[in-house]
Amino acid sequence: MSMFEDIPVDVGVIYEGERIRRKDMQVELGGPSIKEKFEWAKVKPLDQVEDGKVTIIGPDIKDMTEGQAYPLGILVEAAGSTLEPALEGVIERRIHGYLNFIEGFMHLNQRYDIWMRLGKKAFQKGLNSFEYIGKVLYKLFKSELPIIEKVQITFITDPAKVKEMYPVALEDYEARDAKARGLKDEEVDKFYGCVLCQSFAPSHVCVITPQRYSNCGAISWFDGRASAQIDPKGPVFAIERGELLNAEKGEFSGVNEAVKKRSLGDVDRVWLYTAFDHPHTSCGCFEAVAFYIPEVEGFGVVNRSFKGVTVNGLAFSTLADSTAGGRQVDGFHGMSIEYMRSKKFLAADDGWNRVVWLPKEVKERVKDFIPADVVDKIATEEDVQNIDELKTFLKEKKHPVLARWEAEAAAVEAAAPAEATAEEGAMIPVATAASLPIMAAGFKIILKDAKIYAKKVIIRSMKDEKKT
Ligand code: SF4
């Protein structure tokens, strides 16, 4: 007899990774068009939790208009004689995994960024109430995490109530993150790995260290440790740090081995503190993405909720697509906002001295962690709209990347032949790229931070080529 026989749709791991397109959705809960939304776990005393209770505050799914998006808060209150508040982050992150087990239901992201869709087919089969979704969560929490003795779940869709609870949840996430700050990577001999996102990004393995928060921003090193302890067979596991192979880039033998094993050989080398060469893999639910801007030799960072286009004309979704799926893409780095508060934030690439553009909202959130002599030199969407304006801004502000421009100009000058003509001096780059692969004579040659100058550029269509 199935544990889920009273649920109108199927529930199981086979539904993980199921995507629900707009045209197939009954309703959207949270998501980009809704400002206030959250999922939040609290550990409570045993006498304050009514085991199995599911409460709905506001309209239920059956009362919602087809095709519309609604605010949603999910509050999971858990209790157990050995359950500690330190496990709240772990409990909260399980919501993502468990909801994705439901046939016809999609859950993305975390905390204040949640985005869910219920498919029309699942709705037609009878999945028309949060009561069922609460039951699934209840059963999975109780069976997967026996440390939880009682759990009650509340779904809040009343917009006023979501609005009221949202800032309180934000404060709680911040308090949790603040507790995890301070510890250094060198001070521990174990890191933690997470493969919860492999349903969407098969070769992705998060490596969670004290100074590198998980990509989703929902699991700190402390959460990783707690999760691996209470559920050693779960998606979060310990990684023996092993030998320090490269202190600057953040390469550890134990990390390489663990990632190779858990990605089934797809990824065998990870550098934790850089976006170049062997960057950490990017899943699909990273909070932000750092992207290299070769024209200024600096990084832009854009977060998921930024609505416009970034300084290079691309939106978050386009940049995220360029790196998501568990890949290591040179010059791109999917990451959490909390990682930007770490001393190891892109440390091998010169950290904040290399960041040239940020959405204003993100800048405000991490302002206290940006060195005082750089903070005003980083542009936002309010300062510049394109790369030319960015260049002017960086020059005016004397951003630290200028030193790279000067060094490069000096190198070009030194490399130029003494008899260079005026015509040659006027050459402009015809291609710039963080990484440019070239195939030649059976070899793959990769140029890093490349700028290619040409005296003459010949453009011929492939059709012409075939004719000749
Ligand atoms: S982003 Fe990383 S830590 Fe977060 S759920 Fe996915 S794999 Fe786990």
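Ring pairs tie Tyr 98, Phe 101 and Phe 141 together into a cluster. This is a predicted model, and a search through the whole of it turns up 15 aromatic pairs. One of them joins Trp 221 and Phe 222, whose ring centres sit 5.2 Å apart with 85 degrees between the planes, an edge-to-face arrangement. The pair counts as edge-to-face because the angle between the planes is over 60 degrees. As for burial, Trp 221 is tucked away, with a relative accessible area of 7%, whereas Phe 222 comes out as partly exposed at 31%. Trp 221 is called buried because its value falls under 20%, while Phe 222 lands in the partly exposed class because its value lies between 20% and 50%.

Rings also turn up as partners for charged side chains. Arg 212 lies over the face of Tyr 339, and the distance to the ring centre is 5.2 Å. Arg 304 does something of the kind with Phe 286: its charged end sits over the ring, 5.7 Å from the centre.

Another charged residue worth a look is Asp 177, which belongs to helix α4. Its relative accessibility is just 5%, so Asp 177 counts as buried. The Asp 177 side chain has a polar contact with the side chain of Arg 111, at 3.0 Å.

Next come the open pockets. The largest pocket holds about 1400 Å³ of space. It is lined by 50 residues, and those closest to its centre are Asn 109, Asp 113, Arg 304, Ser 305 and Phe 316. Arg 304 thus shows up twice, here by the pocket centre and also over the ring of Phe 286. Strands β6 (105-108) and β7 (115-119) and helices α4 (159-180), α7 (316-321) and α8 (360-366) each put at least two residues into the lining. Helix α4 gives the largest share, 5 residues. Sorted by class, the lining of the largest pocket has 22 nonpolar, 11 polar and 17 charged residues.

The second largest pocket takes in about 460 Å³. Its lining is made of 27 residues, with Gln 211, Arg 341, Ser 342, Lys 343 and Phe 369 closest to the centre. By class, this lining splits into 12 nonpolar, 7 polar and 8 charged residues.

Closed-off space was looked at as well. The count comes to 3 cavities of 30 Å³ or more. About 80 Å³ lies in the largest cavity, and its lining is rich in cysteine names: Cys 194, Cys 197, Cys 206, Cys 216, Cys 283 and Cys 285 are among them, along with residues including Arg 93, His 204 and Asn 215. In terms of class, the largest cavity is lined by 8 nonpolar, 3 polar and 1 charged residues.

The second largest cavity contains about 40 Å³ of space. Val 90, Arg 93, Arg 94, Cys 194, Leu 196, Ile 219, Ser 227, Pro 235 and Val 236 make up its lining. Helix α1 (residues 88-99) is the top contributor here, with 3 residues. The class tally for the second largest cavity is 6 nonpolar, 1 polar and 2 charged. Arg 93, Cys 194, Leu 196 and Ile 219 appear in the linings of both the largest and the second largest cavity.

Notes:
Residues are numbered from 1 along each chain as its sequence is written. This is a predicted model: local features need pLDDT of at least 70, side-chain atom pairs count only at pLDDT 80 or more; totals for chains, interfaces and linings use all residues. Side-chain values use heavy atoms; hydrogens and water are left out. Rings of Phe, Tyr and Trp (its six-membered ring) pair if their centres lie within 6.5 Å; planes under 30 degrees apart count as stacked, over 60 as edge-to-face and the rest as tilted. Buried means under 20% relative accessible area, exposed over 50%, partly exposed in between (1.4 Å probe, protein chains only). A charge sits over a ring if NZ of Lys or CZ of Arg is within 6 Å of the ring centre and within 35 degrees of the ring normal. On a 1 Å grid over the protein atoms alone, a cavity is a set of points where a 1.4 Å probe fits but cannot get out, and a pocket is an open set with protein on both sides within 12 Å along at least five of seven lines; lining residues have an atom within 4 Å of a point. Grid points are joined across faces, edges and corners, and a volume is the space filled by probe spheres set on the points. Ala, Val, Leu, Ile, Met, Phe, Trp, Tyr, Cys and Pro count as nonpolar, Asp, Glu, Lys and Arg as charged, and the others, Gly among them, as polar. Helices (H or I, at least four residues) and strands (E, at least two) are DSSP runs, numbered from the N terminus. A polar contact is a pair of N or O atoms within 3.5 Å; within protein, one must be able to donate a hydrogen and the other to accept it, and residues adjacent in sequence count only if both atoms are side-chain atoms.
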